[in-house]
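User: I've got a model open here and would like you to walk me through one part of it in detail. Keep it relaxed, but stick to what the coordinates say.

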Amino acid sequence: MIARLCLVELRKLVDTVTGVVLIGVGALLAGVFGGGALIVREGVSFSEVAQLAGVPGGTLVTVMAILLVTSERSHRTTLVTYVVTPRRERVALAKAVAAAALALLLVVFAVVAAAVIVPVGALVTGVEASWTVDGAALASWAAGTVIGALSGWALGLAIGNAPAAIVLVLVWPMASGLLANVPALVPVLPWLDSAAVSGFGDGIDPGDLGRFLTGLAAWVAVPAAVGLLRSLRADVR
């Protein structure tokens, strides 16, 4: 039952014009970012090209995870979903799995894109291609991408409004930079930094583990708990 729900939720990601457009934009930007890295920087490794190709997709995956959770309310299909599957927690779990699966698909796509970009870039620039693969870096980046997708899912559940959740995700890094000018907030902001979660792709320094865990709680665990409680108790409209 859960497996079927997950497949249904994955299909919903590409069942709308918005989803198709976002996937197309992500594919286009993957080529731009990955190819641009080879042109601008010399000696870029295969792993670095793959990660750079996945940078725009990582943001779009978070946005799509938010839309996956909030679109049913805006399209007024929530009642139909809960009639078919009365166990609301199963629906929420399936959406989380779908968001994580989409993030992993992005990682696979970025690696495949890098396999095309690296030899083509070598032909264009005349610089010998570097096929160095850093497995640990790729695995860490993949985990960070999945966490980012789950953050979008959790915020979508907690806020329940797509524009508000998307604005929060996109604006918070800039807002935190401005808030850093307030002396009283300087000690607090690093512990509520969304970059502590997304930065998992660069690996975690043992000294930053506490900051990562608080960021994970602030951007995934707490919103997920609030959102699940809200979805289980809210009236269906």
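To set the scene, what percentage of the contacts in the protein with a separation of 6 or more comes from residues 24 or more positions apart? After that, please zoom in on helix α5, residues 88–125: which residues of α1 and α5 meet where those two helices pack?

Analyst: Sure. One thing up front: this is a predicted model, so everything below is computed from predicted coordinates. On your opening question, residues 24 or more positions apart supply 76% of the contacts in the protein that have a separation of 6 or more.

The setting for that number is a chain of 237 residues, 41% of which count as buried. The protein has nine helices and zero strands, so reading from the N terminus you get α-α-α-α-α-α-α-α-α.

Now for α5 and its packing against α1. Helix α1 covers residues 2–13, and its axis sits 8 Å from that of α5, at an angle of about 60 degrees. That angle falls outside the ranges for roughly parallel, antiparallel or perpendicular, so the two helices count as oblique to each other. The crossing of α1 and α5 is right-handed.

As for who meets whom, α1 brings Ile 2, Leu 5, Cys 6, Glu 9, Leu 10, Lys 12 and Leu 13 to the contact. From α5 come Arg 90, Val 91, Leu 93, Ala 94, Lys 95, Val 97, Ala 98, Ala 101 and Leu 102. Sorted by class, this contact of α1 with α5 has 12 nonpolar residues, no polar ones and four charged ones.

One of the α5 residues in that contact, Lys 95, deserves its own paragraph. Is Lys 95 buried or exposed? Its relative accessible area is just 5%, and the cut-off for buried is under 20%, so Lys 95 counts as buried. Leaving aside residues up to four places away in sequence, Lys 95 touches Glu 9, Lys 12, Leu 68, Val 69, Glu 72 and Trp 153. Glu 9 and Lys 12 are among the α1 residues in the helix contact described above.

α5 has a contact with α9 as well. Here the axes come within 9 Å and cross at roughly 140 degrees. That makes this pair oblique too, since the roughly antiparallel label is kept for angles over 145 degrees. The handedness of this crossing is right-handed. On the α5 side the contact is made by Arg 88, Glu 89 and Ala 92, and on the α9 side by Leu 228, Ser 231, Leu 232 and Arg 233. By class, the contact of α5 with α9 comes out as three nonpolar, one polar and three charged residues.

Since we've arrived at α9, let's follow it a little. The whole structure holds two aromatic pairs. In one of them, Trp 172 and Trp 219 have ring centres 5.9 Å apart and planes at 55 degrees, so the pair is classed as tilted. This pair ties together distant parts of the chain: Trp 172 is in helix α7 (residues 162–179) and Trp 219 in helix α9 (residues 209–233), 47 residues apart. Both Trp 172 and Trp 219 are buried. Leu 216 also lies in α9, but it is partly exposed, with a relative accessible area of 26%. Between Leu 216 and Trp 191 the C-alpha to C-alpha distance is 9.7 Å, with their positions 25 residues apart in sequence.

Last stop, helix α3 (residues 46–74), where you'll find Thr 62. Thr 62 counts as buried at 9% relative accessibility. Its C-alpha is 8.1 Å from that of Ala 99, although the two are 37 residues apart in sequence. Not counting residues up to four places away, Thr 62 touches Gly 148, Ala 149, Gly 152 and Val 169.

Note on methods: Residues are numbered from 1 along each chain as its sequence is written. This is a predicted model: local features need pLDDT of at least 70, side-chain atom pairs count only at pLDDT 80 or more; totals for chains, interfaces and linings use all residues. Side-chain values use heavy atoms; hydrogens and water are left out. Buried means under 20% relative accessible area, exposed over 50%, partly exposed in between (1.4 Å probe, protein chains only). Contact means heavy atoms within 4.5 Å. Rings of Phe, Tyr and Trp (its six-membered ring) pair if their centres lie within 6.5 Å; planes under 30 degrees apart count as stacked, over 60 as edge-to-face and the rest as tilted. Helices (H or I, at least four residues) and strands (E, at least two) are DSSP runs, numbered from the N terminus. Axes are lines fitted to C-alpha atoms, for helices over the stretch in contact, and angles run from 0 to 180 degrees between N-to-C directions. Angles under 35 degrees count as roughly parallel, over 145 as roughly antiparallel, 65 to 115 as roughly perpendicular and the rest as oblique. A crossing is left-handed if the near helix is turned anticlockwise from the far one by less than a right angle, and right-handed if clockwise. Ala, Val, Leu, Ile, Met, Phe, Trp, Tyr, Cys and Pro count as nonpolar, Asp, Glu, Lys and Arg as charged, and the others, Gly among them, as polar.
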